[in-house]
Amino acid sequence: MDFRHQSASLDTLAGQTCDALLVVLAGDRADAALDKVVRHALDDAIRHGDLELKRGKTLCLHRPQGIKAARLVFAACGEATPKSVKAAFAAGVAALKGGGTRHLAVALAGVDGVSAANAEALVTAVEDALYVYRHTKPSAPAAGALSKVTLLTDKASAKAVAQGLARGQAIAAGVTLARELANRPGNHCTPSHLGEQEKRLGKDFGLKVEVMDRKAIEKLGMGAFLAVAQGSAEPPRFIVAQYHGAPKTQAPVVLVGKGITFDTGGISIKPAAEMDEMKFDMGGAASVLGTLRAIAELKPKLNLVVLVPTTENMPGGRAVKPGDVVKSMSGQTIEILNTDAEGRLILCDALTYAERFKPACVVDVATLTGACVIALGHHHSGLFTADDKLAGDLLAASAASLDPCWRMPLDEEYDEALKSNFADMGNVGGRAGGSITAAMFLRKFTGKYRWAHLDIAGTAWKSGAAKGATGRPVPLLTHFVLSQAA
């Protein structure tokens with residue numbers, strides 16, 4: 001998609017050369033600066049009850065008289081918040097999706113200048129609306145005609161808009177990569193496939209990439225990771241990718257992504273209903289790889305390391321059993337009380353491995369617990385950290401990216417649930433506070449650096465008719481990493 005900006009005032013909209021003109025309307029009355037012809041069409045629509053200036057309302061007019069564009073779309077956003085403006089962009093694009101529009105021009109009315117955030121929101125809304133999964137579905141609908149989007153702005157906003165468009169395109173590309181990886185079935189997106197995709201990304205962007213096999217993982221002493229992998233015929237992989245945009249002496253940000261490419265639950269097997277969705281259990285891995293792609297495109301002055309432990313979790317004659325005790329890379333022993341609490345087992349060894357980079361901070365991302373879905377639903381990701389500054393940076397990034405998270409507690413009392421008579425810790429506590437005790441487990445492996453955990457079990461994919469990966473939290477993570485450069 002070709003995104004660009006053009007200096008144009010609201011009183012020249014009727015003469016814009018494009019196939020479709022989308023006018024986003026903020027506030028509860030028409031902007032006095034609007035082009036007279038466009039204003040007449042708007043007033044006429046409101047007067048006849050075809051449009052209300054309320055959030056979520058849209059109207060598409062075909063061949064409007066006196067307007068050069070073949071299609072005119074009004075999309076009301078109500079109050080001009082970033083969230084409502086993005087929703088209006090999405091609604092406007094949806095009204096044109098699948099039609100003959102090749103070039104779309106977009107204007108905002110009722111706002112005091114177009115911001116970088118508006119520009120970023122436009123790009124991400126368009127790319128999200130147009131995404132279609134095709135890899136294993138030849139019958140997927142053909143791509144629409146839309147190939148060019150021009151954001152109309154004033155000269156004073158041009159620099160900020162250009163920055164917002166660039167950031168939006170990088171984030172959108174990262175989100176698309178994450179969605180593509182997570183949407184692929186488990187027999188297509190294997191641990192080996194993730195490793196191959198990362199090597200390709202490294203080649204495209206000049207990244208340092210290492211993909212370790214089982215023998216190398218064994219040499220590292222990753223006993224917890226290997227315990228999960230031992231039940232599967234698919235070989236595990238440990239992916240280490242590095243972006244260097246600053247001197248090597250500068251401490252890197254480290255992102256760790258859970259890469260369970262299919263999760264049966266192992267011996268503690270899951271119910272059959274909706275088990276097909278467990279191909280999405282590598283959503284954390286997909287999101288950190290998508291974030292790496294976005295950062296590599298934007299080239300900020302910082303260092304970033306991405307770690308992905310990836311395997312299947314399968315039952316079988318060699319599978320780990322409830323009650324087995326394994327030794328983690330840290331030397332701590334773990335009683336595996338539930339083999340379906342496997343994500344924390346592969347992450348804990350990766351978190352220990354992260355120590356060697358002497359990181360500025362580490363953020364792990366995982367579709368970790370159903371308990372987080374019960375607590376927060378499908379809107380907010382769960383944020384766990386004892387570091388107030390790190391929490392503040394992540395919350396600020398979530399607000400800026402419109403990719404929300406919510407901070408959860410990590411009080412030491414929750415640690416009691418993980419005590420074991422036969423190992424240094426159990427891998428699960430009781431049902432109560434399950435997402436918190438999972439985070440407390442991970443915390444035991446992070447004592448040498450600043451750390452945060454994002455539980456994205458409720459936000460990494462959608463179920464039902466709209467089933468598919470969302471690409472979250474690539475926007476949040478990208479904004480967070482960029483903020484560390486600043």
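Two strands are taken to pair when DSSP finds at least two bridges between them. With that in hand, the sheets of this predicted model can be described, and the six-stranded one is a good place to begin. In this open sheet the 6 strands follow the order β1-β6-β5-β2-β4-β3, and their pairing is mixed. Strands β1 (2-7) and β3 (58-62) form its edges, each of them pairing on one side only. On average, and with direction ignored, neighbouring strands of the sheet are turned by 20 degrees against each other.

The β3 end of the sheet can be followed down to individual residues. Here β3 and strand β4 (residues 71-78) are joined in the antiparallel sense over 5 bridges, and T58 has A75 of β4 as its bridge partner. Helix α1 (residues 36-47) packs on the sheet, where α1 touches β2 (20-26), β3 and β4. The direction of α1 makes about 65 degrees with that of β4. At the other edge strand, the helix to look for is α4 (residues 158-183), which lies across β1 and β6 (148-153). Helix α4 runs at about 170 degrees to β1.

The loop between β1 and β2 is also worth a visit, as it holds Q16. Is this residue, Q16, buried or exposed? With a relative accessible area of 10%, Q16 falls under the 20% limit and is therefore buried. Residues up to four places away in sequence aside, Q16 touches Q6, A8, K68, A69 and L152. Of these contacts of Q16, Q6 falls within the range of edge strand β1 (2-7), while L152 falls within that of β6 (148-153).

A pair of helices comes next. Two packed helices are described by the angle between their axes and the distance between the axes. For helix α2 (residues 82-96) and helix α3 (residues 116-130), the angle is about 40 degrees and the axes are 9 Å apart. Because an angle under 35 degrees would be needed to count as roughly parallel, α2 and α3 are oblique to each other. Their crossing is right-handed. On the α2 side the contact is made by V85, K86, F89, A90 and V93. Helix α3 contributes N118, A121, L122, T124, A125, V126, A129 and L130 to this contact.

The buried interior can be read through its nonpolar cores. The largest of them has 50 residues, and L255, L304, V363, L454 and F480 are the members that touch the most others. Which helix gives the most to this core? That helix is α8 (residues 283-298), with 7 residues. A second, separate core holds 47 residues, with A224, F225, L368 and L376 among them. Back in the largest core, F480 offers a closer view of the packing. Leaving out neighbours within four places in sequence, F480 is in contact with V253, C361, V363, L390, D393, L394 and A397. One of these partners, V363, is itself listed with F480 among the members touching the most others.

Helix α9 (343-353) is mostly covered, as 11 of its 11 residues are buried. The buried set includes charged residues R344 and D349 alongside L345, I346 and L347. Beyond α9, the loop leading to β14 (361-366) contains K358. This lysine has a positive phi of about 45 degrees although it is not a glycine. At 66% relative accessibility, K358 is over the 50% limit and so counts as exposed.

A positive phi is found at E274 too, at about 65 degrees, although this residue is not a glycine. The loop between β10 (259-263) and α8 holds E274. Its relative accessible area of 55% means that E274 is exposed.

Another open sheet has 3 strands in the order β12-β13-β17, again with mixed pairing. Strands β12 (325-327) and β17 (425-426) stand at its edges with a single partner strand each, so one side of each has no neighbour in the sheet. Strand β13 (residues 333-335) and β17 run parallel and are joined by 2 bridges. Within this pairing, I334 has M425 of β17 as its bridge partner.

One backbone feature remains to be noted. The peptide bond from R472 to P473 is cis, with omega near 0 degrees. P473 lies in the loop between β20 (468-469) and α13 (474-485).

How values were computed:
Residues are numbered from 1 along each chain as its sequence is written. This is a predicted model: local features need pLDDT of at least 70, side-chain atom pairs count only at pLDDT 80 or more; totals for chains, interfaces and linings use all residues. Side-chain values use heavy atoms; hydrogens and water are left out. A nonpolar core is a set of buried Ala, Val, Leu, Ile, Met, Phe, Trp, Tyr and Cys residues joined through side-chain atoms within 4.5 Å. Buried means under 20% relative accessible area, exposed over 50%, partly exposed in between (1.4 Å probe, protein chains only). Helices (H or I, at least four residues) and strands (E, at least two) are DSSP runs, numbered from the N terminus. Contact means heavy atoms within 4.5 Å. Axes are lines fitted to C-alpha atoms, for helices over the stretch in contact, and angles run from 0 to 180 degrees between N-to-C directions. Angles under 35 degrees count as roughly parallel, over 145 as roughly antiparallel, 65 to 115 as roughly perpendicular and the rest as oblique. A crossing is left-handed if the near helix is turned anticlockwise from the far one by less than a right angle, and right-handed if clockwise.
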